[in-house]
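User: I would like to go through this structure by question and answer, with the reasoning set out at each step.

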Amino acid sequence: MATSVADDKWYRLSAGDGAKGSRLYYWARVALDRLNRLGLADGEEPRWGHWLLVRRSIEKPEKPEELAYYVAFCPVGTTLEELVM
């Protein structure tokens with residue numbers, strides 16, 4: 001899933017300050033639609049969403065072994081920036 005994210009869907013964001021300054025990475029998210037529809041009635045819209053949050057290195061963006069993955073559960077409408085922080 002992460003390797004299918006288009007280049008223009010990666011965003012350079014800080015995950016906050018660390019001991020050596022801002023922790024900058026490229027970030028992307030992919031909706032986990034199957035999880036988002038569990039337990040909903042037909043036509044019902046989810047109020048919460050599941051996302052695959054993916055972090056990749058700025059120095060080595062082409063290396064898939066440098067990717068880190070997180071599953072996020074948050075209200076629908078949460079921005080990527082909010083997830084990263």
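The exchange below concerns a predicted model and moves from the overall fold to individual residues.

User: In what order do the elements of the chain run from the N terminus on?

Analyst: This is a predicted model, and its secondary structure comes to 2 helices and 4 strands. Read from the N terminus on, the order of these elements is β-β-α-β-β-α.

User: What share of the residues in the chain is buried?

Analyst: The C-alpha atoms fill a box of roughly 50 × 25 × 20 Å along the principal axes. The accessible surface is about 6100 Å², and carbon and sulfur atoms contribute 51% of it. Of the 85 residues in the chain, the buried share is 33%.

User: Through how many residues does the hairpin join β1 to β2?

Analyst: Strands β1 and β2 run antiparallel and are joined by 6 bridges. One of the bridge partnerships is that of glycine 18 with glycine 21 in β2. The hairpin that joins β1 to β2 does so through 2 residues.

User: Which residue in β3 is the bridge partner of alanine 28?

Analyst: Strand β2 covers residues 21-31 and strand β3 covers residues 48-56. The two run antiparallel, with 6 bridges between them. Within β3, the partner of alanine 28 is valine 54.

User: Which residue in β4 is the bridge partner of tryptophan 51?

Analyst: Strand β3 also pairs with β4 (residues 68-75), in the antiparallel sense and over 8 bridges. Tryptophan 51 has its bridge partner in β4, and that partner is alanine 72.

User: Is the aromatic pair of tyrosine 25 and tryptophan 27 stacked or edge-to-face?

Analyst: The search of the whole structure finds 3 aromatic pairs. In the pair of tyrosine 25 and tryptophan 27, the centres are 6.2 Å apart and the planes are at 85°. Planes over 60 degrees apart count as edge-to-face, so the 85° of this pair makes it edge-to-face.

User: Which residues do the ring pairs link into a cluster?

Analyst: Tyrosine 25 and tryptophan 27 form one aromatic pair. Ring pairs link these two residues with a further tyrosine, and the cluster consists of Tyr25, Trp27 and Tyr70.

User: Does tryptophan 27 count as buried or exposed?

Analyst: Its ring partner tyrosine 25 has 25% relative accessibility and counts as partly exposed. Tryptophan 27 has a relative accessible area of 4%. Buried means under 20%, so tryptophan 27 is buried.

User: How far from the ring centre of tyrosine 25 is the charged end of arginine 55?

Analyst: Two arginines lie over aromatic rings here. Arginine 29 lies over the face of tryptophan 51, at 4.0 Å from the ring centre. The charged end of arginine 55 sits over the ring of tyrosine 25, and its distance from the centre is 4.4 Å.

User: Which residue has its backbone nitrogen 3.1 Å from a polar atom of the side chain of serine 57?

Analyst: Serine 57 is located in the loop between β3 and β4, and at 10% relative accessibility it counts as buried. Beyond four places in sequence, serine 57 touches Tyr25, Tyr26 and Glu66. The backbone nitrogen that lies 3.1 Å from its side-chain polar atom belongs to glutamate 59.

User: How far is the backbone oxygen of proline 75 from a polar atom of the side chain of threonine 78?

Analyst: Threonine 78 has its place in the loop between β4 and α2, and it is buried, with a relative accessible area of 15%. Leaving aside neighbours within four places in sequence, threonine 78 contacts Arg29 and Leu83. The distance from the backbone oxygen of proline 75 to a polar atom of the threonine 78 side chain is 2.7 Å.

User: What distance separates the C-alpha atoms of lysine 9 and glycine 43?

Analyst: Lysine 9 lies in the segment before β1 and counts as partly exposed at 46% relative accessibility. Apart from neighbours within four places in sequence, lysine 9 is in contact with Trp27 and Ala28. Glycine 43 is 34 residues from lysine 9 along the chain, and their C-alpha atoms are separated by 28 Å.

Conventions. Residues numbered from 1 in each chain as written. Predicted model: local features only at pLDDT ≥ 70, side-chain atom pairs only at ≥ 80, totals over all residues. Heavy atoms only, no water. Pairing = 2+ DSSP bridges. Phe/Tyr/Trp six-rings, centres within 6.5 Å; stacked < 30°, edge-to-face > 60°. Buried < 20%, exposed > 50% of the residue type's maximum accessible area, 1.4 Å probe, protein only. Lys NZ or Arg CZ within 6 Å of the ring centre and 35° of its normal. Areas by Shrake-Rupley, 256 points an atom, 1.4 Å probe, with all protein chains shown as cover. Polar contact = N/O pair within 3.5 Å; in protein donor to acceptor, adjacent residues only side chain to side chain. Contact = heavy atoms within 4.5 Å.
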